[in-house]
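Me: I'd like a close look at one part of this protein, the largest nonpolar core and what packs around it. Could you walk me through that, with a bit of context on the rest of the chain?

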Amino acid sequence: MLVQQILKSKSDDGVVTIAPGTSLADAARLLAQRRIGAVVVSPDGKRVAGILSERDIVRELANKGVGCMAESIDGVMTRDIVTCGRNDNSDAVLALMTEGRFRHLPVVEAGEMVGLISIGDVVKAQLSELAMEKEALEGMIKGF
């Protein structure tokens with residue numbers, strides 16, 4: 001299965017982004033309101049400057065205390081972002097996410113973000129594919 005197929009199966013709400021320089025408190029509020037685990041940091045909604053996850057915020061709270069919530073996300077976000085393309089295979093993407101120990105992967109084409117997939121999206125797509133294969137094999141065995 002290709003990343004493009006995973007993107008098509010997701011709701012078309014677009015990728016939630018936040019501007020660099022936003023406070024950690026505002027970022028946490030956005031994550032809570034949208035019920036998401038990470039947000040892409042982008043100056044224009046197209047280029048990826050970083051990713052900020054709930055874990056990043058919790059780690060900063062543990063290190064600095066509640067006062068850090070007034071600070072900018074710029075010092076907390078992950079800057080070295082791994083990306084994938086629409087034509088990448090889901091098996092390769094899943095291996096990349098597992099080895100890198102991250103859960104969100106921007107999909108980038110020609111330098112612009114076209115989507116965001118989570119490890120949950122990939123697992124859901126692979127389970128769906130396995131279910132279809134199982135049904136096809138059962139149909140062949142049973143003769144219909």
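Reply: Here is a walk from the whole chain into that core and back out to a second one.

Keep in mind that this is a predicted model. The protein chain has 5 helices and 5 strands, and from the N terminus on they run α-β-α-β-β-α-α-β-β-α. Its C-alpha atoms fill a box of roughly 65 × 35 × 25 Å along the principal axes. Of the 144 residues, 33% are buried. If you take contacts between residues at least 6 apart in sequence, 55% of them join residues at least 24 apart.

Now to the core itself. It has 15 residues, and the ones touching the most other members are I18, L24, V39, V41, L52, I57 and I73. Two elements give two or more residues to this core, namely α2 (24-34) and β2. The top contributor is α2, with 4 residues. As background, nonpolar side chains in soluble globular proteins tend to be buried together.

L24 makes a good place to stand and look around. Setting aside neighbours within four places in sequence, L24 is in contact with L52, I57, E60, C68, M69, E71, S72, I73 and V76. Three of those partners, L52, I57 and I73, are also on the list of core residues that touch the most other members.

Follow L52 and you land in strand β3 (residues 50-53), which is covered on both faces. G50 and L52 are buried on one side, and I51 and S53 are buried on the other. Next door in the pairing is β2 (residues 38-41), antiparallel to β3 over 4 bridges. Within that pairing, V40 has I51 as its bridge partner.

Another of L24's contacts deserves a stop: E60, in helix α3 (residues 54-64). This glutamate counts as buried because its relative accessible area is 12%, and the cut-off for buried is under 20%. Beyond its neighbours within four places in sequence, E60 is in contact with L24, G65, C68, E71 and V76. C68, E71 and V76 turn up among the contacts of L24 too.

That leaves the other core and the outside. The second core is separate, has 12 residues, and includes L7, C84, I117 and A125. As for the surface, the protein chain exposes about 8,800 Å², with carbon and sulfur atoms supplying 51% of that area. On the charge side, there are 17 positive and 20 negative side chains, and the centres of the two sets lie 4 Å apart.

Methods. Residues numbered from 1 in each chain as written. Predicted model: local features only at pLDDT ≥ 70, side-chain atom pairs only at ≥ 80, totals over all residues. Heavy atoms only, no water. Buried < 20%, exposed > 50% of the residue type's maximum accessible area, 1.4 Å probe, protein only. Contact = heavy atoms within 4.5 Å. Areas by Shrake-Rupley, 256 points an atom, 1.4 Å probe, with all protein chains shown as cover. Lys, Arg positive; Asp, Glu negative; His and termini not counted. Charge placed at Lys NZ, Arg CZ, Asp CG, Glu CD. Pairing = 2+ DSSP bridges. Core = buried A, V, L, I, M, F, W, Y, C linked by side-chain atoms within 4.5 Å.
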